[in-house]
Amino acid sequence: MNITEKIIARASERNTVSPGDVVFANVDKLMIHDVSGPGVIKVFEEWAKRGIELEKVWNPDKVWISEDHFVPSADRISAENITKLTEWAKKFEIKKHFKYGLGQYGICHTLSHEEALVLPGEFYVGGDSHTNTTGALGALAVGLGHTDIAYAMMHGRIWLKVPETMLFRLIGNKPSHIMAKDIILKIISDIGTDGANYKAMEFAGDAVREMSMEERLTLTNMTTEAGAKNGIIEPDAVTDKYIRQRSANPYKPIVGDDSPYLEEYTYEIEKLEPIVAKPFSPQNGAAARELQGVEVNKAYIGSCTGAKLEDLRSAAQILKGKKVKIRTEVLPAAQSIYIKAMKEGLIDIFMEAGAVVGPPTCGACCGAHMGILAKDEICVSTTNRNFPGRMGHIESQTYLASPLVVAASALKGKITDPRDVIK
Amino acid sequence: MTLKGTVHKYGKDNIDTDVILPGPYLKIHDHSELSKHAMEGIDPNFSKKVSKGDFLLSGNNFGCGSSREHAPIALSHCGISAVIAPSFARIFYRNCVDGGYLLPLEVEKSTLEQISDKDSLEIDIEKNEIHDISNGKKFSILPFPPLIKKIIDCGGLMYYKE
């Protein structure tokens with residue numbers, strides 16, 4: 001069995017599982033946020049009308065709550081969602097509730113790794129589609145909707161069909177102008193937004209082993225955009241060091257046997273170009289150089305995909321001592337990342353370049369707030385989706401790219417290959 | 001069980017949940033309020049067109065993108081009883097079934113081409129068959145896998161006994 005199959009076998013208390021098996025698996029960790037949280041509360045309200053009451057959460061210590069989509073509250077409804085969620089969390093004794101304005105908080109997926117809330121070998125379910133992100137820690141991390149999360153909260157289990165696994169072997173030395181974002185955009189362009197539907201996407205190879213944890217997280221984050229059930233990377237010394245910097249909790253790493261994959265793809269990283277996904281799909285990739293000169297109105301550096309500390313460092317490297325030519329926003333993905341960026345002088349660089357530096361939140365990524373696009377506005381962004389109307393008006397456009405490309409484009413007001421601005 | 005209704009065809013592939021229920025409405029959880037915004041990203045008049053028991057017909061990978069359960073809730077509450085498509089994204093499919101909101105029915109790609117917008121359909125769930133009354137043609141539906149069938153038959157995951 002490979003790593004995904006082994007984790008499912010352990011979680012479902014079986015000796016072995018095969019692709020196609022349908023099992024109920026025990027959940028090790030569970031996450032809800034300020035959209036799925038109220039959604040789950042609504043599900044429990046509907047169940048209660050039909051005589052099914054939630055007496056208690058199966059294990060409140062295995063649950064955490066993040067406030068990230070509509071915070072700080074921009075309107076009355078959002079404010080009421082937060083107070084309702086807070087009361088509910090208290091009632092059901094969920095202690096790990098990361099509240100905005102009260103210390104550490106941020107985007108749910110960013111917290112999952114920044115706080116090492118999920119450990120290698122665990123089965124983790126999140127009420128958000130980018131839960132796949134956390135698979136970079138060597139966990140089985142699966143996104144679910146409100147009903148499934150409600151079921152898991154009540155029973156500590158959820159059904160899962162064992163997926164086939166596609167292997168992506170990344171080899172060679174990563175050039176300095178290439179980031180994990182370019183690699184995953186290339187992969188999605190090759191296989192399509194349903195290329196990994198219902199499957200696991202596993203990343204391996206020396207280029208993965210050389211990558212920092214934050215870069216690995218970018219890879220697994222965007223497996224959601226290929227339709228994958230989960231994205232995963234076997235844990236190693238890099239994983240252990242990252243976890244140990246954040247948590248003393250013990251864990252039992254799981255790695256796969258030498259078992260065959262459904263399909264294998266090999267990418268020679270040295271041969272890649274910076275890639276940009278054109279409107280209106282993450283699979284619509286083209287080389288940044290091919291799109292050179294496409295005018296953009298806004299640059300957005302944010303989200304669980306593209307505002308981790310190394311993402312901010314990459315952008316700052318380009319913007320240092322310069323001024324942006326178009327409206328630019330930087331929203332660090334978590335409070336702890338914001339603080340680290342501040343101590344490294346990165347926030348100064350962004351502010352002096354003229355950018356807005358905003359609070360940790362999902363922000364404009366899902367068209368919530370913090371810089372929604374108007375009709376005909378064109379944005380280049382470190383986020384993960386550019387479907388019609390994703391970041392604002394149905395006739396706005398978003399180009400997805402790495403932090404290096406977005407920062408370079410902010411300097412020029414056009415899509416720009418970072419090699420053209422790096423000295 | 002036989003379902004009868006009019007089909008509303010949006011034949012594009014990859015209709016994602018941002019289109020089905022746009023981001024700004026995610027703060028809403030009231031089902032009837034959400035239903036007013038169903039498919040607003042592609043057709044702001046959708047909720048006014050649909051009658052109770054109608055069907056939605058679409059292309060590959062319907063419901064891709066965000067996990068928002070608001071999407072099947074909005075469709076279901078403006079009257080859609082089933083979505084017919086060659087393939088569905090996984091979280092959307094699970095939400096439909098486990099939440100008991102509507103039936104996700106998988107068909108051949110060629111079926112999509114032979115049913116027109118506003119056709120009258122009769123769908124026999126037990127026989128896995130679609131009868132297009134408007135053009136007389138019949139099409140088969142991929143049978144539900146065993147666990148999915150059990151969850152559908154009991155009305156949703158909350159009623160399901162492991």
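This report covers chain B of a predicted model and the surroundings of B:Arg94.

## Basis

The model is predicted: local features need pLDDT of at least 70 and side-chain atom pairs count only at pLDDT 80 or more, while totals for chains, interfaces and linings use all residues. Residues are numbered from 1 along each chain as its sequence is written, chains are lettered from A and ligands numbered from 1 in the order in which they are written, and side-chain values use heavy atoms, without hydrogens and water.

## Fold of chain B

Chain B has 7 helices and 7 strands (DSSP runs numbered from the N terminus: H or I of at least four residues for helices, E of at least two for strands). Along the sequence their pattern is β-α-α-α-β-α-β-α-β-α-β-β-β-α.

The C-alpha trace spans about 45 × 40 × 25 Å along its principal axes. Of the 162 residues of chain B, 62% are buried (under 20% relative accessible area, 1.4 Å probe, protein chains only).

## B:Arg94

B:Arg94 lies in helix α5 of chain B, residues 90–98. The residue is buried, at 4% relative accessible area. Its side chain makes a polar contact of 2.6 Å with that of A:Asp148 (a pair of N or O atoms within 3.5 Å; within protein, one must be able to donate a hydrogen and the other to accept it, and residues adjacent in sequence count only if both atoms are side-chain atoms).

Leaving aside neighbours within four places in sequence, B:Arg94 is in contact (heavy atoms within 4.5 Å) with A:Leu144, A:Asp148, A:Ile158, A:Trp159, A:Leu160 and B:Gly99.

Methods
Buried < 20%, exposed > 50% of the residue type's maximum accessible area, 1.4 Å probe, protein only.
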